[in-house]
Amino acid sequence: MAERKRACIIGAGCSGFTTAKRLKDKGIPFDCFEMSDDIGGNWYYKNPNGKSACYQSLHIDTSKWRLAFEDYAVPADWPDFPSHAQLWQYFRDYVDHFGLRPLITFNTAVTKAERQAGGGWQITLSTGETREYETLLVCNGHHWDPNVPSYPGSFDNPHFHVHSYRDPYDPVDLRGKNVVVVGMGNSAMDVASELSQRHLAKNLWVSARRGVWVLPKMAGGKPMDKSAMPTWMPRKLGKALARRVIKKMVGRMEDYGLPKPDHEPLDAHPSVSGEFLTRASCGDIKFKPNVKALEGTRVRFEDDSVEEVDAIIYATGYKISFPFFDDPKLLPDAQNRFPLFKRMVIPGIHDLFFMGLAQPLPTLVNFAEQQSKLVAGFMTGRYALPSVADMERITKEDEDRELGDYYKSQRHTIQVDFARYVADLHKEIAKGERRAQAQAGKRAA
């Protein structure tokens, strides 16, 4: 039964190893299983587990000021926006500094996680071994299971999700080719900008269902994310002020040759790329509406324009997937909707925590580091969860507040504002500590 008292952590990306660090600090025994041969998850370039979406030219869109862990500073000589190699080394240095590497079991995947009657988990590993745990912490990320759209017809030339893109020559040589990039998120803009530079691609079209607001990384010589509105400011006022600044700073998207967005700035998860706007304004990137049909080596768009195309790159997002779960209660619906108490807990299932399962602005890197404070409090008995009814009510209130400003889309189901979320989380932890004290008092009486 000793094993049943331990926690199981699935994954050793930034969410997994920061959770492990918190449990280690609090003396909570755990096992952490990582299917790859090293930590880092999505930021491990050419990760042999095949789950990383990292490409050679990738730089994070969050400034170093926002992504740093609380107790481990980023290198002083870093640029404002570090490369994937710098970020991965920072992760490795963090893990080694805090002595976490020996506590992670590498090259071992969790293939099945079954909740037992009365609570607790039976975990099956890729080695065939099974173990039992009291608590399960899911840190497997949500940028690894590509969402590939389906269109009428078929396409005879190479077409692949941006998850497979490494550089202009891998997985296929795109030099001198006619290329369509589907989507207008951050990855789409990075790849389109790279392929349009020095005219690597002969023609580069970006195809999307709607226009978006594209924000630069820098404003006034400083990273944009350093200018976030304070949490005490009324949300409507802060958003109105931010919109005014954005419109004055970047102007109209139509002036760059891009379609007019059908929403206001900050009504969608922002796309960040100063380079994309430059390339679009130079005509190196051209815009097309959504794909209507595939016709052999041609692509027909919704305006019925047709182009001869050598390759299609789908930058169309990801599914939220947990391949080790069979129980539908533990899975999101087909639209990626997955309501969780404080983006962590399914009400009524108190021994399962989802870590880092959010799309926070401005950063995901240190998001689970904050969540782990609640988890550690729960596992040490210092924090008590609310009742199931209260968890459901609070979750609905949180989702109405966080998602209400965004247009309804599969990409906006797990959106949160980092600063507001953390402030609310700290308040909830304080409430939970009072609940735990009250429960302890009743037991003592």
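**Exercise 1. Strand partners**

Task: In this predicted model, determine which residue of β7 is the bridge partner of I10, and place the two strands within their sheet.

Solution.
1. The bridge partner of I10 in β7 is V138.
2. Strand β1 covers residues 7–10 and strand β7 covers residues 135–138. The two run parallel and are joined by four bridges.
3. Both strands belong to an open sheet of five strands, paired in parallel, with the order β3-β2-β1-β7-β23.
4. At the edges of this sheet stand β3 (104–105) and β23 (352–354). Each has a single partner strand, so one side of each is left without a neighbour in the sheet.

**Exercise 2. Two domains and their contact**

Task: State how the chain is divided into domains, and describe the contact between them.

Solution.
1. Domain 1 consists of 7–145 + 318–444, while domain 2 consists of 148–314.
2. Between the C-alpha centres of domain 1 and domain 2 the distance is 29 Å.
3. To the contact, domain 1 gives 36 residues and domain 2 gives 28 residues.
4. The size of an interface is often given as the accessible area lost when the parts come together. For domain 1 and domain 2 the buried area is about 2,700 Å², with 49% of it from carbon and sulfur atoms.
5. On the side of domain 1, the residues that lose the most area to domain 2 are Y55, D61 and Y407. Together they make up 25% of what that side buries.

**Exercise 3. Polar and charged links across the interface**

Task: How many salt bridges and how many residue pairs in polar contact are found between domain 1 and domain 2? Describe also the side of domain 1 that touches domain 2.

Solution.
1. The rule finds one salt bridge across the interface of domain 1 and domain 2.
2. K217 and D61 form a salt bridge in which the closest N and O atoms are 3.5 Å apart. By the domain bounds, D61 falls in domain 1 and K217 in domain 2.
3. Seven residue pairs are in polar contact between domain 1 and domain 2.
4. On the side of domain 1 that touches domain 2, the elements giving two or more residues are α2 (64–67), β24 (359–361), α8 (388–403) and α9 (418–444).
5. The residues of that side of domain 1 divide into 15 nonpolar, 11 polar and 10 charged.

**Exercise 4. The surroundings of D424**

Task: In which helix does D424 lie, and which residues does D424 touch, not counting residues up to four places away in sequence?

Solution.
1. D424 lies in helix α9.
2. With those sequence neighbours set aside, D424 touches K342 and R401.
3. The side chains of D424 and R401 are joined by a polar contact of 2.9 Å.
4. K342 is located in the loop between β22 (318–319) and β23.

**Exercise 5. Backbone exceptions**

Task: Where are the cis peptide bonds at P171 and P362, and what is the phi of K46 and of K342?

Solution.
1. Most residues other than glycine have a negative phi, and most peptide bonds are trans.
2. The peptide bond from D170 to P171 is cis, with omega near 15°. P171 belongs to the loop between β10 (159–161) and β11 (178–182).
3. From L361 to P362 the peptide bond is also cis, with omega near 10°. P362 is in the loop between β24 and α7 (367–380).
4. K46, although not a glycine, has a positive phi of about 55°. Its place is in the loop between β2 (30–33) and α2.
5. K342, another residue other than glycine, has a positive phi near 50°.

Notes. Residues are numbered from 1 along each chain as its sequence is written. This is a predicted model: local features need pLDDT of at least 70, side-chain atom pairs count only at pLDDT 80 or more; totals for chains, interfaces and linings use all residues. Side-chain values use heavy atoms; hydrogens and water are left out. Domain bounds come from an automatic or database domain assignment. Contact means heavy atoms within 4.5 Å. Buried area is the accessible area (1.4 Å probe) that two parts lose on being put together, summed over both. A salt bridge is a side-chain nitrogen of Lys or Arg within 4 Å of a carboxyl oxygen of Asp or Glu. A polar contact is a pair of N or O atoms within 3.5 Å; within protein, one must be able to donate a hydrogen and the other to accept it, and residues adjacent in sequence count only if both atoms are side-chain atoms. Ala, Val, Leu, Ile, Met, Phe, Trp, Tyr, Cys and Pro count as nonpolar, Asp, Glu, Lys and Arg as charged, and the others, Gly among them, as polar. Two strands pair if DSSP finds at least two bridges between them.
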